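Let's take a walk through a protein chain together, going from the overall picture down to single residues. Have a look at the sequence and the structure first, and then we'll start.

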Amino acid sequence: MNFLNIGILAHVDAGKTSLTERLLFDAGVIARVGSVDAGSTQTDSLDLERRRGITIRSAVVAFRVDDLQVNVIDTPGHSDFVAEVERALRVLDGAVLVVSAVEGVQARTRVLIRSLVRLRIPVLVFVNKIDRRGARYGEVLDALTRELGPGCVAMGSVRDIGTAGARFTPFEVGDVDAAADVDTGAAFAERLAEAFADHGESFVDAYLDERVTVSAADYARELRRQVGHAWTYPVFFGSAMTGEGVDPLIRGIVELLPRGRESAARAAVDGEPLRAVVLKIERGRAGEKIAYVRMRGGVLRARDAVTFHRRDPHGGVLELRGRVSAVQVFDLGTAVRDADAPAGAIAKVRGLAEVRVGDHLGSAEDLPTQGLFAPPTLESEVTLASASERPALYAALQRIAEEDPMIDVRGDEATGAISVRLYGEVQKEVIASTLAESFGLRVAFERSRALYFERPVGVGEALEEVDGDGVTFFWATVGLRIEPGPVGSGIVFGLGVELGALPLAFHRAIEESVHRTLQQGLHGWEVLDCAVTLTHTGYFSPVSAAGDFRSVTPLVVGDALRRAGTRILEPTHRFEIETPADCLGAVLSALSAARAIPEEQTASGDRFVVCGTIPADLVHGLTARLPELTRGEGVLVSEFGGYRPYTGQPIPTREHTGANPYDRERYMLHSLGRARGM
């Protein structure tokens with residue numbers, strides 16, 4: 001058995017879940033096409049998904065064509081659930097990008113395209129809803145070409161587009177002489193040759209040589225090669241609701257997308273090491289953890305002892321061990337069967353209690369160093385009617401975070417407050433619903449606030465020394481230099497002293513304390529994009545202990561950061577608003593009030609499209625006001641757009657929790673009782 005793992009990706013409401021249903025139906029897996037509105041689809045299995053009619057968690061289904069099993073990963077389209085999409089992208093052999101023929105290429109579509117191109121994932125495009133009023137062919141194809149480049153090629157024509165009788169007629173790849181319409185076939189052959197030009201020199205030479213006859217097989221072979229390298233992007237048209245154009249798409253999936261480099265035959269070879277990636281975590285009926293694993297090499301069997309790896313908070317690699325109790329591979333639809341999991345398969349694995357999403361089983365090879373999408377930019381405090389339920393709430397949120405690691409749960413030891421970092425308001429609703437239905441906890445969320453961060457603006461150095469006479473708070477010498485680092489670098493810790501000058505445990509205590517202290521800067525926000533260099537060390541044997549270094553390091557960090565100074569940066573979103581022309585003035589006024597910066601205005605008939613940037617925490621408020629400003633006709637989409645210096649007033653600050661190392665006197669008093677010898 002050969003395997004092909006594909007993702008179905010789209011902007012919300014483009015029809016990707018409906019397309020997944022149609023693929024299963026046409027492959028004979030299901031007897032009836034489910035409906036998103038009726039909550040009867042195979043992949044939207046959560047109650048909230050059925051109620052809201054949106055995909056929240058990635059789901060896996062499978063169908064077969066001859067000896068090929070196609071595992072389909074249906075991903076969320078809403079931007080609040082971008083983490084699910086990121087996990088899917090890392091395990092795909094290819095993708096089907098669904099675009100609405102009515103709405104065309106939307107903001108979320110462009111985000112997905114950029115990620116697919118950057119990762120060089122082979123892509124087929126399916127332009128859905130050709131039977132809907134307002135559907136377009138040429139305009140959508142032109143927009144796709146602007147995003148994907150000259151390798152974007154329509155694989156057929158559409159007759160009666162925008163009507164219930166819309167029909168997709170595939171072009172015959174390269175078979176010019178046999179085409180019913182010779183002119184159309186010749187034009188298609190020419191368009192393919194143009195698409196192949198940048199990466200198919202030998203093919204183009206043959207195409208231009210009148211002495212050489214280029215056969216249909218030659219066109220098909222070159223198209224397959226170029227799609228496999230993500231150089232050419234075939235575009236199919238159709239309707240997931242009626243099934244029009246889906247058969248040609250299935251042929252494209254089977255014939256054009258490259259099968260994984262893994263094969264079941266190679267996996268069966270004795271001695272090939274296990275390589276696999278955890279793409280999803282869910283809980284069984286008894287609360288046991290079930291890991292969805294995408295096999296890349298070797299074979300995974302029940303009762304196997306395995307190692308799994310993940311990044312630690314400082315960029316290192318952690319290795320853990322566990323024993324698999326059961327393995328089930330996907331069969332047809334959502335069904336699974338007990339079997340060994342060969343390379344290329346997707347399996348449900350039980351028994352690994354400590355495993356997390358993103359872990360690599362067997363080998364740390366290709367363990368990613370950073371995410372594909374930006375981390376959450378909003379934070380909201382979770383409140384309960386009874387403070388006695390806080391421990392249960394924190395434990396429940398940690399369970400939810402196991403399934404979605406980008407839901408970052410924070411607990412304030414000083415106040416007992418619990419907050420989560422997330423992407424948007426819909427995600428709040430999902431978390432609240434999960435807490436109520438799965439854990440019996442009724443919660444409320446405070447208004448979301450932006451997650452600012454601080455970046456050093458200069459260089460600061462500080463030093464605390466042990467004097468050896470016993471007149472000291474800490475038996476430790478630590479000197480640090482803090483300076484700006486590259487954008488997006490986080491915190492980079494380096495040594496300006498010899499590693500052997502200090503016991504390793506003391507070095508670890510210093511580095512851990514640096515990272516912990518920089519979680520709150522001068523204004524209370526996390527400090528990022530900075531380089532921290534250890535410049536001085538010393539200890540007094542045998543009195544000094546790791547605790548001395550943990551206590552003195554925050555004080556040195558505080559002094560160095562005060563001398564360096566910091567600037568507050570706020571997260572922004574790039575937005576795109578479509579509004580009736582006569583409402584443009586009201587929209588621009590609202591944008592100004594939200595500290596948004598309009599950068600481009602484009603007229604399209606009686607409508608305007610405004611693009612620009614806006615503070616992330618003001619997107620939801622503007623979205624709520626837009627119907628009122630535009631008579632319900634306005635549309636706003638946004639995506640993370642990076643950080644910019646905060647220019648508003650007053651400067652946003654966050655109260656420091658615990659001992660504040662930036663207030664030297666208070667910190668020393670707080671630490672006095674814990675210092676050695678005091």
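Start with who touches whom: among contacts between residues at least 6 apart in sequence, 72% join residues at least 24 apart. Keep in mind that you're looking at a predicted model. The chain has 678 residues, and buried ones make up 52% of them. As for the outside, the chain exposes about 30100 Å², with carbon and sulfur atoms supplying 49% of that area. Trace the backbone and you'll pass 17 helices and 32 strands.

Now for the strands. In general, strands of a sheet pair through backbone hydrogen bonds, and they can do so parallel or antiparallel. Here, 8 strands line up in an open sheet, in the order β13-β12-β17-β10-β11-β16-β14-β15, with antiparallel pairing. What happens at the edges of this sheet? That's where β13 (317-323) and β15 (336-338) stand, and each has a single partner strand, so one side of each is left without a neighbour in the sheet.

Let's zoom in on β10 (residues 275-283), which pairs with β17 (residues 360-361) over 2 bridges in the antiparallel sense. If you find V277, you'll see H360 of β17 standing opposite. A helix joins in as well: α11 (residues 390-403) packs on the sheet and touches both β10 and β11 (289-297). The direction of α11 makes about 140° with that of β10.

Further along, β28 (residues 530-539) shows you both kinds of pairing. With β25 (residues 476-484), β28 pairs in the antiparallel sense over 9 bridges. With β26 (residues 491-495), β28 runs parallel, joined by 5 bridges. V532 in β28 is a handy residue to look for: V532 is the bridge partner of I482, and F493 stands opposite V532 too.

Next, try helix α14 (residues 546-564). How far apart should its ends be? At 1.5 Å a residue, its 19 residues should span 27 Å, and the end C-alpha atoms are indeed 27 Å apart. Of those 19 residues, 15 are buried, so α14 is largely enclosed by the rest of the structure. Just after α14 comes G565, which takes a positive phi of about 80°.

Finally, a word on cysteines. A disulfide is a covalent bond between the sulfur atoms of two cysteines. How many disulfides does a search of the whole structure find? The count is 0. Two cysteines worth finding are C152, which counts as buried because its relative accessibility is 2%, and C583, which counts as buried at 6%; the cut-off for buried is under 20%.

Key
Residues are numbered from 1 along each chain as its sequence is written. This is a predicted model: local features need pLDDT of at least 70, side-chain atom pairs count only at pLDDT 80 or more; totals for chains, interfaces and linings use all residues. Side-chain values use heavy atoms; hydrogens and water are left out. A disulfide is a pair of cysteine sulfur atoms within 2.5 Å. Buried means under 20% relative accessible area, exposed over 50%, partly exposed in between (1.4 Å probe, protein chains only). Helices (H or I, at least four residues) and strands (E, at least two) are DSSP runs, numbered from the N terminus. The expected span of a helix is 1.5 Å times one less than its number of residues. Two strands pair if DSSP finds at least two bridges between them. Contact means heavy atoms within 4.5 Å. Axes are lines fitted to C-alpha atoms, for helices over the stretch in contact, and angles run from 0 to 180 degrees between N-to-C directions. Accessible areas come from the Shrake-Rupley method with a 1.4 Å probe; for residues, only the protein chains shown count as cover.
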